[in-house]
Amino acid sequence: MTDEPTNFLYPFIDGRACGADDPAALLADLAASAQAKAAESLALRRATLEANADLLDRAAAQMARRFAAGGRLFTFGNGGSCTDATTLARLFARPPVGRPEKSLPAWPLTADPAILTALGNDVGFELVFARQLIARARAGDVAIAMSTSGNSPNLLTALAEARARGLYTVGFAGYDGGAFVDNADVDCCFVVRSQSVHRIQEAQALLGYALWSATHERFGDREVGAV
């Protein structure tokens, strides 16, 4: 077995970096690293919510109107964003505590491996989400694409298909937003300004929760005629 250094991933556990024979130093470095990452994540999440506050309010109002009129939500993404998209759809389908009747119709286009592999094999991976929208979506629905780069071809193809069908389209992206930004096929784009995939996805998770919460608040208002 070759002895490969790990400092390129975790400098604090490389013996040459902190002293292999000094457990106290190792534990101190581990603790400092965890604290630094937590602080960075917290700061970014706070900044992201603040920067997107107005956009969150507008998107929640639009989504609440569509849900109230019978609209449905479809989410999709690749890789880690696939997991995030599935989690977001499950969140919207789960009612707030104490209000079991307030579950909203939401489905992830990422959850069925048979559909994904069939479409990927038969028509191409670029169409795995667009073809599902062709089959299931209708005007008045909502489509949410989750990405760290904002540049995935299959997400852009699906957003274009959704927009053409009269769906309200939402993009989650990191870095500078990529191709999701200033895109005629994206009605609303939340950008997490970070260069770290980990921090981007952590902030996107909070944005998704904030969108769920605000949409439920607006949806409740619409039921009593306040909006």
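Here are four short exercises, each with a worked solution, on a predicted model.

**Exercise 1. Work out which strands stand at the edges of the open sheet, and what that does to them.**

Solution. Start with the strand order. The sheet is open, has five strands and runs β2-β1-β3-β4-β5, with parallel pairing. Now look at the two ends: β2 (106-108) and β5 (188-192) each have a single partner strand, so one side of each has no neighbour in the sheet. As for twist, neighbouring strands here are turned by 15 degrees against each other on average, ignoring direction. Finish with the pairing at one end: β4 (residues 168-174) lines up with β5 in the parallel sense over five bridges.

**Exercise 2. Follow C188 and decide whether it is in a disulfide.**

Solution. First place the residue: C188 is in β5 and is the bridge partner of V170. Next, check for disulfides; a search of the whole structure turns up zero. The cut-off is a pair of cysteine sulfur atoms within 2.5 Å. For C188, the nearest cysteine sulfur belongs to C189 and is 7.3 Å away, so C188 is in no disulfide. Last, check burial: the relative accessible area of C188 is 2%, which makes it buried, since the limit for that is under 20%.

**Exercise 3. Find out which elements build the largest nonpolar core, and which one gives the most.**

Solution. Begin with the core itself. It has 33 residues, and those with the most contacts inside it are M63, L73, F92, I144, F172, F190 and L211. Then go through the elements: α3 (53-68), α4 (80-93), β3 (142-146), β4, β5 and α8 (197-223) each give two or more residues. The top contributor is α8, with eight residues. Another core lies apart from this one; it has 21 residues, among them F74, L159, A162 and V191. Now zoom in on M63. Setting aside neighbours within four places in sequence, M63 touches L73, F92, V142, I144, Y168, L211 and T215. As background, nonpolar side chains tend to be buried together in soluble globular proteins.

**Exercise 4. Compare Y175 and D182: what is phi in each, and is each exposed or partly exposed?**

Solution. Locate them first. Y175 is in the loop between β4 and β5, and D182 is found in the loop between β4 and β5 too. Next comes the backbone. Most residues other than glycine have a negative phi. Y175, however, has a positive phi near 55 degrees, and D182 has a positive phi of about 55 degrees. Finally, check accessibility. Y175 has 25% relative accessibility, so it counts as partly exposed. D182 has 80%, so it counts as exposed.

Key:
Residues are numbered from 1 along each chain as its sequence is written. This is a predicted model: local features need pLDDT of at least 70, side-chain atom pairs count only at pLDDT 80 or more; totals for chains, interfaces and linings use all residues. Side-chain values use heavy atoms; hydrogens and water are left out. Two strands pair if DSSP finds at least two bridges between them. Helices (H or I, at least four residues) and strands (E, at least two) are DSSP runs, numbered from the N terminus. Axes are lines fitted to C-alpha atoms, for helices over the stretch in contact, and angles run from 0 to 180 degrees between N-to-C directions. Buried means under 20% relative accessible area, exposed over 50%, partly exposed in between (1.4 Å probe, protein chains only). A nonpolar core is a set of buried Ala, Val, Leu, Ile, Met, Phe, Trp, Tyr and Cys residues joined through side-chain atoms within 4.5 Å. Contact means heavy atoms within 4.5 Å.
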